[in-house]
Amino acid sequence: MQLGVLVSAGLLSRQVELRAIHEFLQSAAERTSGLVIEGEAGIGKTTLWLAAQDDARARGFEVLSARVGETESVLAYAAVADLLGDLDPAILAKLPDLQRLAVDRVLLRASSTEGPETDQRVVAAAFTAAVEHVAVEKPLLLAIDNVQWLDTSSQTVLAFAARRFSGRVGVLATERCDPDGGTSPTWLHLARPDGVERVRIGPLSLGGLHALISARLGRSFARPTMVRIAEISGGNPFYALELARAIHMGSARAQPSLPGTLAGADASSNRQSRRASRRCLAGRRVGGGSNG
Ligand SMILES: Nc1ncnc2c1ncn2[C@@H]1O[C@H](COP(=O)(O)OP(=O)(O)OP(=O)(O)O)[C@@H](O)[C@H]1O
Ligand SMILES: [Mg+2]
């Protein structure tokens with residue numbers, strides 16, 4: 001494990017998950033492998049996903065990445081375009097004309113009306129071939145954040161390609177799922193039936209939350225307050241930070257208080273945070289309790 005890389009990324013308290021990433025990258029350096037990092041909103045999926053990319057680069061991987069946004073699920077080939085956009089043009093030059101045209105169309109560099117028609121199979125074949133060309137030269141990491149919002153055409157292409165990869169390719173995905181729900185079904189399958197591992201991210205420990213809050217807010221809280229933050233947030237780093245910020249702002253107004261629920265912290269967060277909090281509140285029962 002390239003621990004220096006991970007520590008410099010500000011990653012705390014994730015030994016189990018880091019071990020899974022370490023094993024995944026070791027495996028992907030030799031053969032096609034997959035890892036899905038799953039968990040509830042704000043639990044730390046993207047943080048680990050980014051750290052894994054740093055680690056992969058340090059190991060000599062080529063990394064192609066796509067961060068899928070909630071609004072992109074209706075844009076055809078949005079994620080595939082992000083992945084292909086990072087590719088060395090010399091690799092694309094190796095593709096047959098029809099496939100190169102397909103890539104140019106996905107990247108909106110060629111008109112969709114001139115020349116022969118491009119259907120989804122050509123895009124999928126072009127994507128598979130491009131990835132395999134890279135993997136001949138060096139291991140390749142395909143990193144996709146938030147696959148629950150993948151547009152359907154990208155999902156079809158990635159599913160097609162993943163089943164056909166035979167070289168040194170790692171597919172690393174994050175998937176948001178319900179805090180109380182089980183593992184969601186996946187479209188991601190490799191040629192090897194046992195090729196895709198899943199790691200479910202659990203809560204941060206009290207010590208982890210303490211370190212996170214100290215690093216981000218530049219201050220620490222008394223142990224009873226930390227225990228309460230850990231209880232209310234359920235060890236979720238995003239919510240713990242929101243709660244800590246709310247208390248911090250309360251202290252600045254000389255009225256230190258700990259919101260009894262995530263909804264209390266919610267009132268002081270920005271609009272994006274509020275939306276995410278509501279999503280989580282729908283899936284988590286939070287004990288009331290007193291402030292303090
Ligand atoms: N292990 C960690 N070390 C340091 N900071 C962390 C860790 N895990 C999460 N965080 C912090 O917690 C916040 C939420 O993390 P992150 O964005 O990775 O969650 P997520 O699971 O990707 O959420 P979402 O489902 O909304 O995309 C971020 O501010 C992040 O920096
Ligand atoms: Mg995320």
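Start by selecting ligand 1 in this predicted model, together with the 19 residues around ligand 1, among which G44, K45, T46, T47 and P237 come nearest. If you then colour the shell by secondary structure, the elements that give two or more residues to the shell are helix 3, residues 45-58, and helix 11, residues 237-252. Colouring by class instead separates the shell around ligand 1 into nine nonpolar, seven polar and three charged residues.

Keep helix 3 on screen and add helix 2, residues 15-28, which packs with helix 3 at an angle of about 40°, the two axes being 11 Å apart. Helix 2 and helix 3 are therefore oblique to each other, and their crossing is right-handed. To see where the two helices meet, select E17, I21 and L25 on the side of helix 2, and L48, A52, D55 and A56 on the side of helix 3. The contact of helix 2 with helix 3 holds five nonpolar and two charged residues, with no polar ones. As you look along either helix, bear in mind that an α-helix has 3.6 residues a turn, so residues three or four places apart point the same way.

Next, zoom out to the protein chain as a whole, in which there are 13 helices and five strands. Of the 292 residues in the protein chain, 39% are buried. Among contacts in the chain between residues at least 6 apart in sequence, 74% join residues at least 24 apart.

From this overview, move to helix 10, residues 223-233, and show its buried residues, which are R228, I229, A230, I232 and S233. Pick out I232, which is found in helix 10, and ask whether I232 is buried or exposed. I232 counts as buried because 24 other C-beta atoms lie within 10 Å. A distance label between the C-alpha atoms of I232 and L243, which are 11 residues apart along the chain, should read 8.6 Å. Just after helix 10 comes G234, and a check of its backbone torsions gives a positive phi, near 65°.

With helix 10 still selected, add helix 9, residues 206-217, which packs with helix 10 at an angle of about 105°, their axes lying 10 Å apart. That angle makes helix 9 roughly perpendicular to helix 10. The residues to show as sticks are L206, L209 and H210 of helix 9, along with M226, V227, I229 and A230 of helix 10, since these make the contact. By class, the contact of helix 9 with helix 10 divides into six nonpolar residues and one polar residue, with no charged ones. Two of the residues just selected, I229 and A230, are also listed with the buried residues of helix 10.

For the last stop, select helix 7, residues 120-137, and helix 8, residues 152-164, which pack at an angle of about 50° with their axes 9 Å apart. That angle makes helix 7 oblique to helix 8, and the crossing of helix 7 and helix 8 is right-handed. Which residues of helix 7 and helix 8 meet? On helix 7, select Q120, V123, A124, F127, T128 and V131, and on helix 8, select S153, T156, V157, F160, A161 and R164. The residues of this contact divide into seven nonpolar, four polar and one charged.

Methods
Residues are numbered from 1 along each chain as its sequence is written. Chains are lettered from A and ligands numbered from 1 in the order in which they are written. This is a predicted model: local features need pLDDT of at least 70, side-chain atom pairs count only at pLDDT 80 or more; totals for chains, interfaces and linings use all residues. Axes are lines fitted to C-alpha atoms, for helices over the stretch in contact, and angles run from 0 to 180 degrees between N-to-C directions. Helices (H or I, at least four residues) and strands (E, at least two) are DSSP runs, numbered from the N terminus. Angles under 35 degrees count as roughly parallel, over 145 as roughly antiparallel, 65 to 115 as roughly perpendicular and the rest as oblique. A crossing is left-handed if the near helix is turned anticlockwise from the far one by less than a right angle, and right-handed if clockwise. Two residues are in contact if their C-beta atoms, placed from the backbone, lie within 7 Å. Ala, Val, Leu, Ile, Met, Phe, Trp, Tyr, Cys and Pro count as nonpolar, Asp, Glu, Lys and Arg as charged, and the others, Gly among them, as polar. A residue is buried if 20 or more other C-beta atoms lie within 10 Å of its own, exposed if 12 or fewer, and partly exposed in between; C-beta atoms are placed from the backbone. A residue is near a molecule or strand if its C-beta atom, placed from the backbone, lies within 6 Å of it.
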